[in-house]
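Visitor: I am new to this structure and would be grateful for a close look at a single part of it. Which part of the chain gives the most to the lining of the largest pocket? Please then set that part in its wider surroundings.

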Amino acid sequence: MGKTERQGKRGSWGNFILIAVGILILAVAAVGVIVVPRYGRVFAEYRKYSAELRESKKELADAQKKNTELLAARDELQALDAEVQSLQAETFSYAAELEKAITNGGSNKRICYITIDDGPYYRGRKFLEIFNKYDVKATFFLTTANGDMLPDHGDISASSMYPEYLKYGHTIGNHTYSHNYGAGGIYSSAESFMKSIRKQDEFTEKATGGYEPVIVRFPGGTGTAGSELGGMIEGLRKEGHGWIDWTIDSSDSWGTGNTSPKIIMKQIKKAAKDQKIMVILFHEWSENSQKAMPQVIEYLTEQNYIFLPLFYDSMMVEK
Ligand SMILES: [Zn+2]
């Protein structure tokens, strides 16, 4: 083997080593530059995710615990609600007995049904305060004629008032959705009347979480319903509603100059002379009625009246 050949062999061996070292360096560089940071990011993200997962698991457990507590509270509320309803049914059955006893002379007690039309108004809260103070129950015949907001407090929704009446044991009645008894309004046909009744029932059920009004007050009274009254009554009967007018008009809708707390008291005193069971017509927007109410309650209490909310089986409710 010649010198040159050996040098050549040594040269190609050297080149091979150089190339191998080069590849090795490149591979290490690639691992260092590309793979390590990439996996480093992946590991960091994995750590982040698993921490988040642990957090979510904890949140889930908390939510489940809270859900269990809420379900228990709901069951408790439902039990309480059932208790209230059965107590109310019992009260109404006593009230029906009392009505009979009063009518046939078996009791010298008297009953006053305070009815308040056209709400909800913000003023309704004032009436509720008075009723709470005297422990008086009443009936509110509600309409949506004034729209979705309270007419005397435009930033408060009308529906938010509905549970307030129920909370204190008052009855909510149906005074039609539109209250429009002009030409082409609710009294133009039995169907348009029933449509307005149904719409108001739906509004009430939604606003109260399921309360179904069963007593209707015709806007203006049955006397203003006109020639289609028979069909309307048939419609109400078919759909399980009773209806009621009043035995005494408080006068609060008679217009300026024709009504005042004094005139209201005069009306009440007149009725108390011979009405053993009285149904008084008031309006929720009336400041005069609000002012007169404490005197009305005090006077009628002296006259041996008790104040009850209306119920379907009352003899005063037509059906
Ligand atoms: Zn009305």
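Guide: In this predicted model, helix H1 gives the most to the lining of the largest pocket, supplying 9 residues. H1 runs from residue 3 to residue 103. Helix H3, which covers residues 162-167, also supplies at least two residues of that lining. The lining comprises 20 residues in total, and the pocket has a volume of about 650 Å³. Nearest the centre of the pocket lie Asp81, Val84, Gln85, Leu166 and Tyr211. By character, the lining residues divide into 9 nonpolar, 8 polar and 3 charged.

From the pocket one may turn to the zinc ion. Its protein donors are Asp118, through OD, together with His175 and His179, each through NE2, and they lie 2.1 Å from the ion. Along the chain these donors follow the spacing D-x56-H-x3-H. Asp118 and His179 link distant parts of the chain, being 61 residues apart. Asp118 belongs to strand E1, which spans residues 110-119, whereas His179 sits in the loop between strand E5 (171-174) and helix H4 (190-208). Both Asp118 and His179 are buried.

Helix H4 deserves a further word, for Gln200 lies within it. Gln200 counts as buried because its relative accessibility is 0%, and the cut-off for burial is under 20%. Setting aside neighbours within four places in sequence, Gln200 is in contact with Leu142, Thr143, Thr144, Tyr162, Asn174, His175, Thr176 and Tyr177. One of these partners, His175, is also a donor of the zinc ion. Another, Tyr162, falls within the residue range of helix H3, a helix that contributes to the lining of the largest pocket.

The chain as a whole gives the setting for these details. It has 7 helices and 10 strands. Its radius of gyration is 39 Å, well over the 20 Å that the globule rule gives for 319 residues, so the chain is more spread out than a compact globule. Along its principal axes, the C-alpha trace spans about 150 × 45 × 40 Å. Buried residues make up 36% of the 319 residues. Among contacts between residues at least 6 apart in sequence, 75% join residues at least 24 apart.

Technical notes. Residues are numbered from 1 along each chain as its sequence is written. This is a predicted model: local features need pLDDT of at least 70, side-chain atom pairs count only at pLDDT 80 or more; totals for chains, interfaces and linings use all residues. Side-chain values use heavy atoms; hydrogens and water are left out. On a 1 Å grid over the protein atoms alone, a cavity is a set of points where a 1.4 Å probe fits but cannot get out, and a pocket is an open set with protein on both sides within 12 Å along at least five of seven lines; lining residues have an atom within 4 Å of a point. Grid points are joined across faces, edges and corners, and a volume is the space filled by probe spheres set on the points. Helices (H or I, at least four residues) and strands (E, at least two) are DSSP runs, numbered from the N terminus. Ala, Val, Leu, Ile, Met, Phe, Trp, Tyr, Cys and Pro count as nonpolar, Asp, Glu, Lys and Arg as charged, and the others, Gly among them, as polar. Donors are N, O and S atoms within 2.8 Å of the metal (3.2 Å for Na, K and Ca); water is not among the atoms, so sites may look incomplete. Buried means under 20% relative accessible area, exposed over 50%, partly exposed in between (1.4 Å probe, protein chains only). The radius of gyration is taken over C-alpha atoms; the globule rule is 2.2 Å times the number of residues to the power 0.38. Contact means heavy atoms within 4.5 Å.
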